[in-house]
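Reader: I'm new to reading structures, and I get lost when I try to take in everything at once. Could you pick one part, look at it closely, and then show me how it sits in the rest?

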Amino acid sequence: MFPKAHAAAYVMMAYRIAYCKINYPLAYYAAYFSIRADAFSYEIMCQGQRHLESVMAEYKKRQDTLSNKEKDAMGDMRIVQEMYARGFDFMPIDLYKSHSRNFQIVDGRLLPPFKSIDGLGETAADSIYEAAKCGKFLSVEDFIDKAKVPKTSAAVMVELGILKGMSANNQLSLFDYM
């Protein structure tokens, strides 16, 4: 038998979640994505509502052949789709403001963590976060050295525009100052 107290606790928890989702939506989404969204992908979910819906349509077309990771991502995509429908969106990842593992609320938008980048594990995300606290990076090469991330991860971050404006290496040119 299922105890009544246990059932009452579930109902109270559901009520609290619904209350937070309605009255504090950004805090709800930040907590949900930080704690529950294991298949969250920055590349898919944070590039705007149109991009997300096109990926969802493509996943629905090949519904029977989806991998387990893609099936898990579909659940997260539905929550992101709901968030977009409610008028909220994501900021681009900021090298110096983003957290390693947790979503943050900044200026009425969600700031994704480094961990949300596909192929970037928690250890690498923590390493980037700690290295960014120590100051600015001079170049992509300096970023790789200080953050101790693989070149492939740095290449993905360059492609996503996270390392935009950084030179490729530490070599200075006389022509840079003219």
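Author: Let's start with a term: accessible area here comes from the Shrake-Rupley method with a 1.4 Å probe. On that basis, the protein chain exposes about 11,200 Å², and carbon and sulfur atoms supply 56% of that area. Keep in mind that what you're looking at is a predicted model.

A quick overview before we zoom in. The chain has eight helices and two strands, and if you read along the sequence you meet them in the order α-α-α-α-α-β-β-α-α-α. Its C-alpha atoms fill a box of roughly 75 × 40 × 30 Å, taken along the principal axes. Of its 178 residues, 38% count as buried. If you take the contacts between residues at least 6 apart in sequence, 55% of them join residues at least 24 apart.

The part I'd pick is helix α2, residues 25-35. Which of its residues are buried? They are Pro25, Leu26, Tyr28, Tyr29, Ala30, Phe33 and Ser34. And what covers them? The cover includes helix α1 (4-23), helix α5, strand β1 (104-106) and strand β2 (109-111).

Let's take the α5 side of that cover. Helix α5 spans residues 68-85, and its axis comes within 12 Å of the axis of α2, with the two crossing at roughly 165°. An angle over 145 degrees counts as roughly antiparallel, so α2 and α5 are roughly antiparallel to each other. The crossing of this pair is left-handed. Want to find the contact on screen? On the α2 side, look for Tyr29, Tyr32 and Phe33; on the α5 side, look for Asp76, Ile79, Val80, Glu82 and Met83. Sorted by class, that contact has six nonpolar residues, two charged ones and no polar ones. Notice that Tyr29 and Phe33, which take part in this contact, are also on the buried list of α2.

Now for the strand side. Isoleucine 105 sits in strand β1. Leaving out residues up to four places away in sequence, isoleucine 105 touches Leu26, Ala27, Ala30 and Leu110. Leu26 and Ala30 are again among the buried residues of α2. How far apart are isoleucine 105 and alanine 27, in sequence and in space? They are 78 residues apart in sequence, but 7.2 Å apart in space, C-alpha to C-alpha. Isoleucine 105 itself counts as partly exposed because its relative accessibility is 44%, and that class runs between 20% and 50%.

Just along from there is the loop between β1 and β2, where you'll find aspartate 107. Its phi is near 55°, a positive value in a residue other than glycine. Aspartate 107 is exposed, with a relative accessible area of 73%.

Back to α5, which has another helix to deal with. The axes of α4 (residues 49-61) and α5 come within 10 Å and cross at roughly 145°. This crossing is left-handed too. The residues in contact include Leu52, Met56 and Tyr59 from α4, and Met74, Met77 and Tyr84 from α5. The whole contact divides into nine nonpolar, two polar and four charged residues. Val80 of α5 is worth clicking on: it is part of the contact with α4, and it also belongs to the contact with α2.

To round off, here's a helix pair that meets at another angle. Helix α6 (residues 122-133) and helix α7 pack at about 110°, with their axes 9 Å apart. That makes α6 roughly perpendicular to α7. Here the crossing is right-handed. Ser127, Ile128 and Ala131 of α6 meet Phe143, Lys146 and Ala147 of α7, which by class gives four nonpolar, one polar and one charged residues.

After α7 (140-147), lysine 148 lies in the loop leading to α8. Like aspartate 107, whose phi is near 55°, lysine 148 has a positive phi near 55°. Lysine 148 counts as exposed, at 65% relative accessibility. In helix α8 (residues 151-159) you'll find threonine 152, which is exposed with a relative accessible area of 60%.

Key:
Residues are numbered from 1 along each chain as its sequence is written. This is a predicted model: local features need pLDDT of at least 70, side-chain atom pairs count only at pLDDT 80 or more; totals for chains, interfaces and linings use all residues. Side-chain values use heavy atoms; hydrogens and water are left out. Axes are lines fitted to C-alpha atoms, for helices over the stretch in contact, and angles run from 0 to 180 degrees between N-to-C directions. Helices (H or I, at least four residues) and strands (E, at least two) are DSSP runs, numbered from the N terminus. Angles under 35 degrees count as roughly parallel, over 145 as roughly antiparallel, 65 to 115 as roughly perpendicular and the rest as oblique. A crossing is left-handed if the near helix is turned anticlockwise from the far one by less than a right angle, and right-handed if clockwise. Contact means heavy atoms within 4.5 Å. Ala, Val, Leu, Ile, Met, Phe, Trp, Tyr, Cys and Pro count as nonpolar, Asp, Glu, Lys and Arg as charged, and the others, Gly among them, as polar. Buried means under 20% relative accessible area, exposed over 50%, partly exposed in between (1.4 Å probe, protein chains only).
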